[in-house]
Amino acid sequence: MGEIIKVGMADLKTCTMPDGLTTLGLGSCVGVVLYDPVTKVSGLLHLMLPDSTRIKNNQNVAKFADTGIVELCEQMKKMGAVQSRLVAKIAGGAQMFSFGNNTNDIMSVGKKNVEATKTILARMGIKLVAEDTGLNYGRTIIFDSVTGKLMIRSVGKQDKEI
Amino acid sequence: MSKIDLNDMSSMQYDVLRELGNIGAGNATTALSQMLNTKVDIGVPQVKLLGFDELPTVIGNEEDVMVGILLMLCGDVDGIMMFLMDPKVAKNLVDHLMGGCGMPSNEDNSFNEIERSAIMEIGNIIAGAYLRSLGELTNLTLDVSIPMLQVDMAAAILDVPAIQFGKIGDKVLLIETAFDDEKVGKELDIKGYYILVPELESYDKILSSLGV
């Protein structure tokens, strides 16, 4: 892997082979990797919320599943990616805090983020090939544009690759 | 609709929120001091308006393991309150609280049931004192949920308040306070961070209750 580009919260970045993309400590947020296996053009979005149309202050497109995935796809197409070839890998969307079975809006945002992400991907005809979502722990993800593998690192757990 | 825009707050509004944070943190620290039966010095509280990318790094690195205690607010003010500390600090507090009989588990980032329940109780008392002082000041009712505990990467824990703020803007209002326990000595500083995140409508209630 070449240089590893860091993507912050509510942010998106693209790269080409041999570089990589990473985002640190995904909790309820979702990390969406889009990848064109032919040109190896890759993109990573770190989204926070499912739906931009329900929020008044929505100028930052990378904050939302709906606008963020569309924007990432557009940027990648300019770099030579073809939308029909794109595949997606997603991680995150955990429920970081809970008590008993009591869930409310704030607690369940992770699940909603994952659901919204899948809906948008399906609508755009992008195939979801792998995911590591839900449960109750944070994840750091590192994507390698050379191999197309997504490495996931968590506290007190073995690294895994999807 | 709310009258408050976090990106465009008047200095008066900002000062009032900062002062509320200061008073809350002051009372919480007094409660901590009584609980530990030792003198706890409080640092000058700082209020920062941060971008999402800056938030996790204020407390350390994104992947640093932190102990987070989360409480939900309801009543007149909806939102969340969070108390964050280093796992070492949490172990220290538990040990103090139990008079050295806390049977600390050896691993740095894992907590047994006794420790977890002690930490949640600490969170309960601290948050209770913080919120009680805000309630008295504003004459608003602030009810609070039972505390929830998580030990994980700082960035993952801070997702929760960040997402709350994400609904209203692109910045997070952080009230940070450092403690120093004289008995413990320098290398084992008792240090923590408070984060109070009211829903946008609640800002209006808080500010108008104070005539701002």
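What follows is a short back-and-forth about a predicted model. Residues are numbered from 1 along each chain as its sequence is written, and chains are lettered from A in the order written. Since this is a prediction, local features need pLDDT of at least 70, side-chain atom pairs count only at pLDDT 80 or more, and totals for chains, interfaces and linings use all residues.

Me: How do you know that the length of helix α1 of chain A fits its 14 residues?
Reply: The expected span is 1.5 Å times one less than the number of residues. For residues 65-78 that gives 20 Å, and the end C-alpha atoms are 20 Å apart, so the two agree. The helix itself is a DSSP run (H or I, at least four residues; strands are E, at least two).

Me: What makes A:L72 a buried residue of α1(A)?
Reply: Buried means 20 or more other C-beta atoms, placed from the backbone, within 10 Å of its own (exposed is 12 or fewer, partly exposed in between). A:L72 is listed as buried, as are others including A:I69, A:C73 and A:M76. Their cover includes β2, β4, β5 and α2 of chain A.

Me: Why are β1 and β10 of chain A called edge strands?
Reply: Strands pair if DSSP finds at least two bridges between them. The open, mixed sheet runs β1-β3-β8-β9-β10, and β1 and β10 each pair on one side only, so they are the edges.

Me: How do you know that β9 and β10 of chain A pair?
Reply: They have two bridges, in the antiparallel sense, so the cut-off of at least two is met. One of the partnerships is A:I152 with A:K160.

Conventions: Contact = placed C-beta atoms within 7 Å.
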